[in-house]
Amino acid sequence: MDSIDRFLLFVATPTVFALSVIEAMVLSRHQRYDWRAFGASVFNLVGRIAIAIVLPLSIAAPVVAWAVQHRLTTFTLDGIAALALLFIGQEFCYYWYHRAAHRVRWFWCNHSVHHSPNELNLSAAYRIGMFGRLSGTALFFVPLMWIGFHPKLVVQTLTFNLLYQFWLHTTWVPKLGWLEGIVNTPSAHRVHHASNPEYIDANYGGVLMLFDRLFGTYRAERDDIPLRYGLVQPMTSQNPLKIEFREWGALVRDLWRARTLRALLGAVFMPPGWRADSAAAPTAAERSPAAQP
């Protein structure tokens, strides 16, 4: 464990938790605050740390090993050019990971946990889903390793990206003027967490909105559309295990019922809400990453 790992585990994580507690205490004095949802998020945080310790490797490990063995060169962060390449490259990879996490059901099964809170607050930021390593999310960051960045450096950069996003999970920070549409802001991330049909499939960026603008997935928060957070079919339980496994259980049921190869592969790789026996185009709610089986 190097100095960055120690900072993330022993400084950043306790700070994130403390700030979410402070926010919860302040908000609860002025409005109803869902402490059970807060508890479910804490359970997820602790469980994720425990799984990372017990299962340090991802199912993507063989692909990572291949990329490292056949890397094109070796980059060290000894100049602004390498740092800029890592930052922009990581943003690019994160954009496509995040987009796939909403549009490919296999990845959505884990990512849906992050969208399960019906209220947006700082504790929702660390309700991420325990099985990212087991679902293979590292695959999206293999290109950075292949061109020459050390895997640990890539993982640490991703962790700082997620750390930046912590403060975005608020409803009390207003729009930030000219920064909107350039960097990820609380307003932009409120849109991302909304389950309104007008907001679905939007704002996948981590720190920047650059690739959302380039690929047409950026949407600004509108004053005429009240935001509705959570899943299209809301998660009504605060049981951490139900939150964690609802989508995985639905996937297993669909795989069990599949009678054709198309249905089998579609259940895993098509967007949430896809049905092999549906000839009609899905509605916005059915297309959504929050659509439920």
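Helices here are DSSP runs of H or I with at least four residues, numbered from the N terminus. The exercises below concern a predicted model.

**Exercise 1. Determine which helices line the largest pocket, and describe the composition of that lining.**

Solution.
Step 1. Begin with the volume: the largest pocket holds about 1900 Å³ of space.
Step 2. Identify the residues at its centre. The lining comprises 50 residues, of which A52, R133, V155, T159 and L162 are the closest to the centre.
Step 3. Assign the lining to helices. At least two residues each come from α1, α2 (35-54), α3 (61-69), α4 (80-103), α5 (105-111), α7 (132-135) and α9. The largest share is that of α9, with 10 residues.
Step 4. Sort the lining by class: 32 residues are nonpolar, 14 are polar and four are charged.

**Exercise 2. Establish the relative orientation of α1 and α9, and name the residues through which they meet.**

Solution.
Step 1. Take the geometry of the axes. Helix α1 (residues 3-28) and helix α9 (residues 151-165) have axes that come within 12 Å and cross at roughly 15 degrees.
Step 2. Apply the cut-off: angles under 35 degrees count as roughly parallel. The two helices, α1 and α9, are therefore roughly parallel to each other.
Step 3. Add the handedness: the crossing in which α1 passes α9 is left-handed.
Step 4. List the contact residues. From α1 these are I4, D5, F7, L8, A12 and V16, and from α9 they are K152, Q156, T159, F160 and L163.
Step 5. Classify them: the contact of α1 with α9 contains seven nonpolar residues, two polar and two charged.

**Exercise 3. Characterise the second largest cavity and state which helix gives the most to its lining.**

Solution.
Step 1. Count the cavities: four have a volume of 30 Å³ or more.
Step 2. Give the volume of the second largest cavity, which is about 40 Å³.
Step 3. Name its lining, made up of C109, S112, V113, S116, L231, M235, I243, R246 and E247.
Step 4. Find the main contributor. Helix α12 (residues 240-257) gives the most, with three residues.
Step 5. Sort the lining of this cavity by class: five residues are nonpolar, two are polar and two are charged.

**Exercise 4. Compare the packing of α12 against α13 with its packing against α2.**

Solution.
Step 1. Consider α13 (residues 261-269). The axes of α12 and α13 come within 8 Å and cross at roughly 170 degrees. Angles over 145 degrees count as roughly antiparallel, and α12 is therefore roughly antiparallel to α13.
Step 2. Name the residues of this contact: L251, D254 and L255 of α12 meet L264, A267 and V268 of α13. Five of the residues in the contact of α12 with α13 are nonpolar, none is polar and one is charged.
Step 3. Turn to α2. The axes of α2 and α12 come within 8 Å and cross at roughly 70 degrees. Angles of 65 to 115 degrees count as roughly perpendicular, so α2 is roughly perpendicular to α12.
Step 4. Name the residues of this second contact: A40, F43 and N44 belong to α2, while P240, L241, I243 and E244 belong to α12. The contact of α2 with α12 divides into five nonpolar residues, one polar and one charged.
Step 5. State the result: α12 lies roughly antiparallel to α13, whereas α2 is roughly perpendicular to α12.

Methods: Residues are numbered from 1 along each chain as its sequence is written. This is a predicted model: local features need pLDDT of at least 70, side-chain atom pairs count only at pLDDT 80 or more; totals for chains, interfaces and linings use all residues. Side-chain values use heavy atoms; hydrogens and water are left out. Axes are lines fitted to C-alpha atoms, for helices over the stretch in contact, and angles run from 0 to 180 degrees between N-to-C directions. A crossing is left-handed if the near helix is turned anticlockwise from the far one by less than a right angle, and right-handed if clockwise. Contact means heavy atoms within 4.5 Å. Ala, Val, Leu, Ile, Met, Phe, Trp, Tyr, Cys and Pro count as nonpolar, Asp, Glu, Lys and Arg as charged, and the others, Gly among them, as polar. On a 1 Å grid over the protein atoms alone, a cavity is a set of points where a 1.4 Å probe fits but cannot get out, and a pocket is an open set with protein on both sides within 12 Å along at least five of seven lines; lining residues have an atom within 4 Å of a point. Grid points are joined across faces, edges and corners, and a volume is the space filled by probe spheres set on the points.
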